[in-house]
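Me: I'm new to this one. Can you walk me through it?

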Amino acid sequence: MDTETDLFVQAFWVKCRDIIRPELDTAVDALRHAGHETNISTLEYSPDEKGPESAPALIMTIHPSGSTESRVLRYRGDVVAREIEVMASGCKTSRFDLSAVTTADVKNDIALCFGSLLK
């Protein structure tokens, strides 16, 4: 892995640890308290593989109570474009410069994807 890629992947995980994960953990607590099944998982960067699944990602999955469907909120580090891609069930995919992602953005992503389940 080249230095620029290594630095981007490290920066992605720092952003996840400092900004994204704390907000997802808060949402997990609220969703579980409301009776929903939810979890958070990670995908590590795999430089030997090609495609979206080779990128680092932080993924929140929820299975709403009484439903067979699931919803997913995924933060994926696009190593090639050096951006973060935010994908949510039923929502338009967004792309941002990694440094531009804020706590307010993450709270908005959670509200758009899971807000109806938090009431």
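What follows is a chat about the core, the helices and a few single residues.

Reply: Sure. One thing up front: this is a predicted model.

Me: OK, let's start inside. Which residues have the most contacts inside the largest nonpolar core?

Reply: Those are I20, L24, M60, L73, Y75 and F114, in a core of 25 residues.

Me: And which elements each supply at least two residues of this core?

Reply: Two helices and three strands do: α1 (3-33) and α2, plus β2 (57-63), β3 (71-78) and β4 (83-88). The most comes from α1, which gives 9 residues.

Me: You listed M60. What does M60 touch, leaving out residues up to four places away in sequence?

Reply: Quite a list. M60 touches L24, A27, V28 and L31, then T38, N39 and I40, then R71, V72 and L73, and also F114.

Me: Back to the helices. How do α1 and α2 cross, right-handed or left-handed?

Reply: Right-handed. Their axes come within 9 Å and the crossing angle is roughly 35°.

Me: Why quote both an angle and a distance?

Reply: Because those two values, taken between the axes, are how a pair of packed helices is described.

Me: Fair enough. Which residues meet there?

Reply: From α1 you have I19, I20, E23, L24, A27 and L31, and they meet T103, V106, K107, I110 and F114 of α2. By type, the residues of that contact are 8 nonpolar, 1 polar and 2 charged.

Me: What about A111, where does it lie?

Reply: A111 is in helix α2, which covers residues 103-114. A111 counts as partly exposed because its relative accessible area is 44%, between the 20% and 50% cut-offs.

Me: And how far is A111 from A11 in space?

Reply: Their C-alpha atoms are separated by 25 Å, and the two residues sit 100 apart along the chain.

Me: New topic: how many aromatic pairs does a search of the whole structure find?

Reply: There is 1. F12 and W13 make an edge-to-face pair, 4.9 Å centre to centre with 75° between the planes.

Me: Is F12 buried or exposed?

Reply: Buried, because its relative accessibility is 0% and the cut-off is under 20%.

Me: Last one, E37. Which strand is E37 found in?

Reply: Strand β1, residues 37-43. E37 counts as exposed because its relative accessibility is 53%, over the 50% mark.

Me: What is E37 in contact with, leaving aside neighbours within four places in sequence?

Reply: T61, I62 and H63. From E37 to I62 the C-alpha distance is 5.7 Å, though they are 25 residues apart in sequence.

Methods. Residues numbered from 1 in each chain as written. Predicted model: local features only at pLDDT ≥ 70, side-chain atom pairs only at ≥ 80, totals over all residues. Heavy atoms only, no water. Phe/Tyr/Trp six-rings, centres within 6.5 Å; stacked < 30°, edge-to-face > 60°. Buried < 20%, exposed > 50% of the residue type's maximum accessible area, 1.4 Å probe, protein only. Helix = DSSP H or I, 4+ residues; strand = E, 2+ residues; numbered from the N terminus. Core = buried A, V, L, I, M, F, W, Y, C linked by side-chain atoms within 4.5 Å. Contact = heavy atoms within 4.5 Å. Axes fitted to C-alpha atoms, helices over the stretch in contact; angles between N-to-C directions. Left-handed = near helix turned anticlockwise from the far one by under 90°. Nonpolar A, V, L, I, M, F, W, Y, C, P; charged D, E, K, R; others polar.
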